[in-house]
Amino acid sequence: MAYAALISLKSVIERLLKSSEISFVPPSKKIIKSAYKQLLSLQEVLKRFDNRNRINSERVNALDGEIREAVRKLEDVIESRVSNQFLSQSEEIHPLLVLSLDMVEVKNEIDSLNEKLKKMEVEYATELEDRDAASSRICFGGKKSKMVGLSDQFQEIKTRLLDTMETCQLMPMYLVGMAGIGKTTLAVELFEDPLITSHFDGRVFVTIGRKYHLKAILEDILAQMNPETDKILLKERDVKELKRMMYQNLKAKTYLIVLDDVWNMQVWDDLGRLFHANKNRCRILLTTRVENICSGSDIYSIRLLNKEESWDLLREKMFDEESPWPRFRFSPQASETLGPALCPSQLEKAGKKIAENCEGLPLLIVTVADISFKVDKTKEYWKKTAEKDSSVFMDANDEIMSKVIFLSYEYLPQNLKSWFLYMEVFPQNYEIPDTKLENLFNAEGFFEPICYIIVGRKPTRKCTYRKKSFMTWHMYNIEAEKNKFFHVVDSYNTTLAQDVQKSMASFSNTRSLLCFGLYHKYPLPICLEYLRLLRVLDAVTIRLYEFPMDVLKLVQLRYLALTYDGNLPPSISKLRNLQVLIILRHLSIINSCEDLSYLPIEIWEMQELNHLQITGSNLPDPCGAILPNLSRLLDVSPRCCTKKLLERIPRLEMVRVQFDYARDIAESSKGGFNATFRCLEHLTMKRCHKLEEIPRRYFGASIMLKIEMVDCNPLGVACANEMEQWDKDRGSNFRSFSFRSSWDD
């Protein structure tokens, strides 16, 4: 997390140096630039971490923590100084005037931290020197494993392995999936299948792992190709000679070679040419958790177990009479039936719930079963175990996290680790609009633009749906707490007010405050006086009856989202750094344009605004001013959609309009809203329950227009269908319609 802290401070300094509203008191600019130069040097060293496979992780992680704390301390010093000077000067001068910044008083502290970072940088670079890598080892051997489920994928991959014998090209086959999903078990099952065994002259199964030596891998492969070979003699040969021996073996026989747990394609680069010695007879099967290393058409994503398969696996593990520790039970033939292990009827309901809570991950099911097997199988115990926060699940999660899942997190590039941790800020099964994620990323300041990756998105939707595995959620929360990345206050605690106040006071250097959970109809204390360095304040779930004036002292604020029915104060313009302003209303029903209020004229002084959502309010006349960075203007009335006003927002990309159709559509014909409609590329109409007709004159066909209707009046939908058919009959494709109900989501 040192990298995220570094990017955050780097962006802070860049904003200060580039700001046209700041004048540095000499030699303040020189002091700031010296810190910036040190950050650039340190960033290059941290980037090297991503390209090293063999390092002393324990010491590097310790250094990472020390660097993180030093960088955060330097950031606190700079931002506290800036905030204090801005607040003192903003009371005396007009918000549009230039503020002077004096960093001389903190020069010694900045210089001291710079020297500390230099020493850490040297030590960190030293620790990145190559260490002796762990030897590759042969994974396969011993008693045959049994597996429950995945018989469909087994048959598909097995058929492909045998069919490819007729082709003339050597293409590796990939089994891809998260840690613990059963890739290795499936590979072993294929490796041991009688038909495959008889089809190849020889078979090799080698685990690669994150750390490996090419020489050790070659020795392992040759030892399996020629079991009678003296292993001591193999160790005496160099890599070149081992490659020659392997090449000769591959030319003489047909082989199935399984490379298990591949983390990058370096091993393929090292061995690929050797496999081509017998391109139409040698088959390569790779298992990996890293999807982006795969190429070609033979990529098989291993699925999670369904509910029935999960229960079968848990039942076999707990009640199979063959062994107290059976791992899997598997039927490679779809028609073959294995007798199910018997489970006492009084335990079945709780047992199925336990299996369901494992979310289809075989490793978690087996681990939970291992822990539960040692305890008496009583109804009371199983009922308690069925709860996701039970000690059994927590112990199982911790065991898997430390041994398996955490390796995937550690392998992430530096700039993605903070992204994964940040996503865990949001509750499980939480829908996050893409625009909200983008706004938060920009406001937080510790993400690089390359990190803007949206996961789990449905192609036709504009929301990122976060259905998280409990195990990964648990792991990332522990990691976040360890790195002091975020802190969770129990929003359902009866002593909420006291908890919030204590938490705020103890985390005075907090940069973000996000409120989730059920909507609170009554105001709750936010205690902003403790959080002077806030960049993000998202409190739309809390209804405010008065505007929190302490917000205006948060001069570092970049993202502000509130639920408030009143008018914004003119002094809102003091928030010079604000990029996102979202003001929702508790009373969201607006009867007509006459009921709407206007934002203060000072809103036009907020030059950094990029996203403005103002339910129930409108922008006032700009009087010649502009909002140069505003790209989204949401939930305004048609009165905002005038040529005079929109011309003062040169970078505007999206407008979302809320209006009473009967009154506002008539009003729009007088004010030019019609012309704006004719420039639309995408129109979404939501919950238009009174819309019975769509006048064609408001939706011209000068450009391609996509119209989406969500939860609208059936008569309006029928009218849209008629328009679509009318266009088709005339060979026109300027308009396309889609219809959706929120009940389908």
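Mentor: Contact here means heavy atoms within 4.5 Å. This is a predicted model, so local features need pLDDT of at least 70 and side-chain atom pairs pLDDT 80 or more, while totals for chains, interfaces and linings use all residues. Residues are numbered from 1 along each chain as its sequence is written, and side-chain values use heavy atoms, leaving out hydrogens and water.

Trainee: Okay, T615 then. Which side chain does the side chain of T615 make a polar contact with?

Mentor: T615 sits in the loop between β15 (611-614) and β16 (617-618); helices (H or I, at least four residues) and strands (E, at least two) are DSSP runs numbered from the N terminus. At 8% relative accessibility T615 is buried (under 20%; exposed is over 50%, partly exposed in between, with a 1.4 Å probe and protein chains only). Leaving aside residues up to four places away in sequence, T615 touches I583, L584, R585, D635 and Q658. The polar contact (N or O atoms within 3.5 Å, one able to donate a hydrogen and the other to accept it; residues adjacent in sequence count only if both atoms are side-chain atoms) is 3.3 Å long and goes to D635.

Trainee: How far apart are the end C-alpha atoms of α5?

Mentor: Helix α5 covers residues 151-163, which is 13 residues. The expected span is 1.5 Å times one less than the number of residues, so we'd look for 18 Å. The model agrees, with the end C-alpha atoms separated by 18 Å.

Trainee: And within what arc do the buried residues of α5 fall?

Mentor: Those residues are Q153, F154, I157, K158, L161 and L162. They pack against several elements, including β5 (255-262) and α6 (183-192). Take directions from the helix axis to the C-beta atoms, and the buried set lines one face, because it falls within an arc of 155°.

Trainee: β5 again! What is the relative accessible area of V262?

Mentor: V262 belongs to strand β5. Beyond four places in sequence, V262 touches I208, V267, L286, T287, T288, R289 and I293. Its C-alpha is also 7.8 Å from that of T207, 55 residues away along the chain. V262 is buried, and its relative accessible area is 0%.

Trainee: Last one: which residue in β20 is the bridge partner of L683?

Mentor: L683 and M685 form the covered face of β19 (682-686), while H682, T684 and K686 form the uncovered one. β19 pairs (at least two DSSP bridges) with β20 (705-710) in the parallel sense, over five bridges. The partner of L683 there is I707.
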